[in-house]
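Reader: Please take me through one part of this structure, up close. I would like to start with a single side chain and work outwards from there.

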Amino acid sequence: MQKILLSTAITLTLATGAYASPGHTSKAETAAPQMDIGVPGDAAKVDRTIDVTLLENDEGQMLIESEPMDIKEGETIRFNITNKGELEHEFVLDTVERNAEHKIEMAKMDMEHDDPNRIRLDAGASGEVVWTFANSGTFEAACLIPGHYESGMHREVAVGDQTAQADVEYTSGTIKKIDAKAGKVTIIHGPLVNLDMPAMTMVFRADEAMMAKMAEGQGIEFVADRVKGKLTVTQMK
C-alpha cells in the first residue's frame, strides 16, 4: 500500500511540474527562431534606416522603391515603409524560394499574417519592419498579395560583408534638371566606370525617395546602373 501511495505522489508531482505556471515559458521557448534571412531586430540598436515606398505606376506596374537594399552581414535595418498606391500592399522579407512557396499559398487564399518580417498596409498607410540580417546571401523583399508580385512588386536584398559594400565606386556630378513627375533627373557627370561611359550630361531615372533628396544645381556623388533597361541612379551621397 505504501508503494502504491508513493508511486501516486511521484506521478502527481511530475504532472504538476509539467503543467505549472501556464502563463510562463522559458526564454528558449519565447525567442524568435532564426530564419535564413536573419532575425527580428532590436529597435534600440538600429544601424541605419531605409525608406521604402509601395506604389502602382501609370504603366500598370506595382513597385517597391527605395535605395539599393545592399546590407552588411549583421546589420540591423529599420525599413520605414509607406504605401503611396491606391491598393493594399505588403512588404515581406525572406528568401526567394520561401516567397515563391508562400505566393502559391496566397493564390489559393489571401491570408494576412502577423510576422516580424512582414507588414501589410492599406493605401496611404505607413509602418516599419526592423530586421537584423544575420547571414550573407541574396534575399528578397516582395508583396505576395495575389497578382502583385507578378506586376513587378519585388526586389533584391543583397547581404554581404563590409569589404564587399565598400567596393562601390561613386561618380561626381551636378544636377542640371529634375522632372519629378516623370521620375527623371539630368546630371552633368564624370566617367561612369562601372558602365564604361565617359563624362557627359545624361538623363537618369530615380525613384521617389531618391529624388526627394535632390535639388537643381546640387553637387552629388552617385552610383548609376541599368535597372530594367533604364539608366538609374541607385545610390547617392
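Author: Start with Glu75. The model is predicted, and in it Glu75 has a relative accessibility of 9%. Buried means under 20%, so Glu75 counts as buried.

What does the side chain of Glu75 meet? It forms a salt bridge with the side chain of Arg48, at 2.7 Å from N to O. This pair links distant parts of the chain. Arg48 sits in strand S2, Glu75 sits in the loop between S4 and S5, and 27 residues separate them.

Now turn to Arg48. Its relative accessibility is 25%, so Arg48 counts as partly exposed. Arg48 also has a salt bridge with Glu67, at 3.5 Å from N to O. Glu67 belongs to the loop between S3 and strand S4 (70-72), while Arg48 is in strand S2, so this pair ties together parts 19 residues apart in sequence. Glu67 is partly exposed too, because its relative accessibility is 25%. Put the pieces together: Arg48, Glu67 and Glu75 are linked in a network of salt bridges.

How many salt bridges are there by this rule? The count comes to nine. Here is one of them: the side chains of Lys103 and Glu150 meet at 3.3 Å, N to O. Lys103 is in helix H3 (residues 96-108), and Glu150 is in the loop between S9 and S10. They are 47 residues apart, so this pair links distant parts of the chain as well. Lys103 has a relative accessible area of 22%, which makes it partly exposed. Glu150 is exposed, at 53%.

Go back to strand S2, which holds Arg48. What else does S2 do? It helps to build the largest nonpolar core. In general, nonpolar side chains tend to be buried together in soluble globular proteins. Here the largest such core has 25 residues. Val52, Phe79, Ile81, Phe91, Leu93, Phe133 and Val157 have the most contacts inside it. Several strands supply at least two residues each, among them S2, S3, strand S5 (76-83), strand S6 (89-94) and S10.

Pick Ile81 from that core. Leave aside its neighbours within four places in sequence. Ile81 is then in contact with residues including Val52, Leu54, Phe91, Ile119 and Leu121. Its partners also include Ser126, Gly127 and Glu128. Apart from the largest core lies another, of 18 residues. Ile175, Leu195, Ala206 and Ile220 are among its members.

Ala206 leads on to the largest pocket. Leu63, Glu65, Ala206, Asp207 and Thr232 are the lining residues nearest its centre, and 45 residues line it. S2 gives two or more residues to this lining. So do strand S3 (62-65), strand S10 (154-160), helix H5 (208-211), strand S14 (219-227) and strand S15 (230-236). The lining divides into 18 nonpolar, 11 polar and 16 charged residues. The volume of the largest pocket is about 1600 Å³.

Last, step back. The protein has five helices and 15 strands. Of its 237 residues, 37% are buried. Take the contacts between residues at least 6 apart in sequence: 66% of them join residues at least 24 apart. The bridge between Arg48 and Glu75, whose residues are 27 apart, spans distant parts of the chain in its own right.

Terms used:
Residues numbered from 1 in each chain as written. Predicted model: local features only at pLDDT ≥ 70, side-chain atom pairs only at ≥ 80, totals over all residues. Heavy atoms only, no water. 1 Å grid on protein atoms, 1.4 Å probe; cavity = no way out; pocket = protein on both sides within 12 Å on 5 of 7 lines; lining within 4 Å. Points joined across faces, edges and corners; volume = space filled by probe spheres on them. Helix = DSSP H or I, 4+ residues; strand = E, 2+ residues; numbered from the N terminus. Nonpolar A, V, L, I, M, F, W, Y, C, P; charged D, E, K, R; others polar. Core = buried A, V, L, I, M, F, W, Y, C linked by side-chain atoms within 4.5 Å. Buried < 20%, exposed > 50% of the residue type's maximum accessible area, 1.4 Å probe, protein only. Contact = heavy atoms within 4.5 Å. Salt bridge = Lys/Arg side-chain N within 4 Å of Asp/Glu carboxyl O.
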